[in-house]
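User: Please take a close look at one part of this model. Start at a single turn and work outward from there, in plain steps.

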Amino acid sequence: EVILSVRDLTANVDGTQILKGLNLEVKAGEIHAIMGPNGSGKSTFSKILAGHPAYEVTGGEVIFLGENLLEKEPEERARSGVFLAFQYPLEIPGVSNIDFLRVAYNSRRKHQGLEELDAFDFDDLVRQKLDVVKMDPAFLNRSVNEGFSGGEKKRNEILQMALLEPKLAILDETDSGLDIDALKIVSGGVNQIANPQNATILITHYQRLLNYITPDFVHVMEGGRILTTGGKELALELEERGYEWVREEDAAEV
Ligand code: ADP
Ligand code: MG
Ligand code: MG
């Protein structure tokens, strides 16, 4: 089953072309890592998938579960199973974490044609899921992300992901700023959530995360497109040799 198919995607931000013909196909059961130097367009790509209004798609197509993703509103994308974990999670003062999670969860359930859970049943469910990220139940009654440490915010996002059971999870530098314990918890959560019916795109600048999550494919992005694709060994090669050689090999091919 093809979950995501991206063809010749081009996009602008503030009139500058950032994506320059991006191609990617993601099937159910796969974990894809997208690596690449700063400024290569990785976050731009993830924001376009989520439907961020500042990014203007100028060409190409994005098909998610057989439908044109680009014509859907951001909320509709989330309901239909696209989950984006942000590099800098939002704080929402005055909204308790558990209320926020329940609204998001029920919105997704409704889309799946399932009944919404009431506050009591949801409470039971969320407490089971806390285990995935080894999170203290006290976090459920605090305002969303307010005063959370970096690691706690990331865990909270993985908790959201565990509840929403997305078809496509996109993690944009979720590893940045995590200490080793938080990194293990976050990657353990991602590994538990990944299954043969869903797919994961891990965007990361460093190889470190891939010590804990084994990707099926590693893509190198540069200048707004994917220059080369390999298996998990490519990540180690990048760590050792940097990105320059990828650029040179690509230039030699043309
Ligand atoms: P990455 O995540 O790979 O580091 P980004 O997608 O964040 O890359 O950025 C890609 C390029 O787009 C960079 O050169 C960046 O400066 C540029 N860019 C991002 N946002 C904007 C913006 N709002 N206006 C102009 N240029 C932008
Ligand atoms: Mg960056
Ligand atoms: Mg980025």
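Analyst: Start with the hairpin. β1 and β2 form it, with two residues between them. D14 sits in that turn, and its phi is positive, about 50°. (Strands here are DSSP runs of E with at least two residues, helices are runs of H or I with at least four, and both are numbered from the N terminus.)

A word on the source. The model is predicted, so local features need pLDDT of at least 70 and side-chain atom pairs count only at pLDDT 80 or more, while totals for chains, interfaces and linings use all residues. Residues are numbered from 1 along each chain as its sequence is written, chains are lettered from A and ligands are numbered from 1, in the order in which they are written.

Back to the hairpin. β1 covers residues 2-13 and pairs with β2 in the antiparallel sense, over nine bridges. (Pairing takes at least two DSSP bridges between two strands.) Next to the turn, V13 stands opposite T16 in β2. Further along, L4 faces V26 in β2.

The hairpin belongs to a wider sheet. This is an open sheet of four strands, ordered β2-β1-β4-β5, with antiparallel pairing. β2 and β5 are at its edges; each has a single partner strand, so one side of each has no neighbour in the sheet. Helix α1 packs on this sheet and touches β1, β2 and β4. The direction of α1 makes about 65° with that of β4. (Axes are lines fitted to C-alpha atoms, for helices over the stretch in contact; angles run from 0 to 180 degrees between N-to-C directions.)

Between β4 (55-64) and β5 (67-68) there is a loop, and L65 is in it. L65 is not a glycine, yet its phi is positive, about 50°. L65 is partly exposed, because 16 other C-beta atoms lie within 10 Å. (A residue is buried with 20 or more other C-beta atoms within 10 Å of its own, exposed with 12 or fewer, and partly exposed in between; C-beta atoms are placed from the backbone.)

Now the ligand. The hairpin turn comes up again here: V13, D14, T16 and I18 are among the residues around ligand 1. The others in that shell are G36, N38, G39, S40, G41, K42, S43 and T44. (A residue counts as near a molecule or strand if its backbone-placed C-beta atom is within 6 Å of it.) Two elements give two or more residues each to the shell: β2 (16-27) and α1 (42-50). The largest share, three residues, comes from α1. By type, the shell has two nonpolar, eight polar and two charged residues. (Ala, Val, Leu, Ile, Met, Phe, Trp, Tyr, Cys and Pro are nonpolar; Asp, Glu, Lys and Arg are charged; the others, Gly among them, are polar.)

Next, the other sheet. In general, strands of a sheet pair through backbone hydrogen bonds, either parallel or antiparallel. This open sheet has six strands in the order β6-β9-β10-β3-β11-β12, and its pairing is mixed. Its edges are β6 (82-85) and β12 (225-230), each with a single partner strand, so one side of each is left without a neighbour in the sheet. On average, neighbouring strands of this sheet are turned by 20° against each other, direction ignored. β3 (residues 31-35) runs parallel to β10 (residues 199-203), and four bridges join them. In this pair, A33 stands opposite L202 in β10.

Two helices lie across this sheet. Helix α7 (residues 232-241) lies across β3, β11 (217-222) and β12, at about 45° to β11. Helix α8 (residues 244-253) lies across β11 and β12, at about 105° to β12.

α7 has two faces. L234, A235 and L238 are buried in it. They are on the same side of α7, because they cover an arc of only 105° around the axis. (The arc is that of the directions from the helix axis to the C-beta atoms.) The buried residues of α7 pack against β3, β11 and β12. The face turned away from that buried side carries the exposed residues E233, E240 and R241. After α7 comes G242, with a positive phi near 75°.

Last, two spots elsewhere. L101 is in helix α3 (residues 97-111). L101 is buried, with 21 other C-beta atoms within 10 Å. Beyond its neighbours within four places in sequence, L101 is in contact with V126, Q160 and L163. (Contact means C-beta atoms, placed from the backbone, within 7 Å.) K134 is in the loop between α4 (119-133) and β8 (143-144). K134 is exposed, with 12 other C-beta atoms within 10 Å. K134 is not a glycine, but its phi is positive, about 50°.
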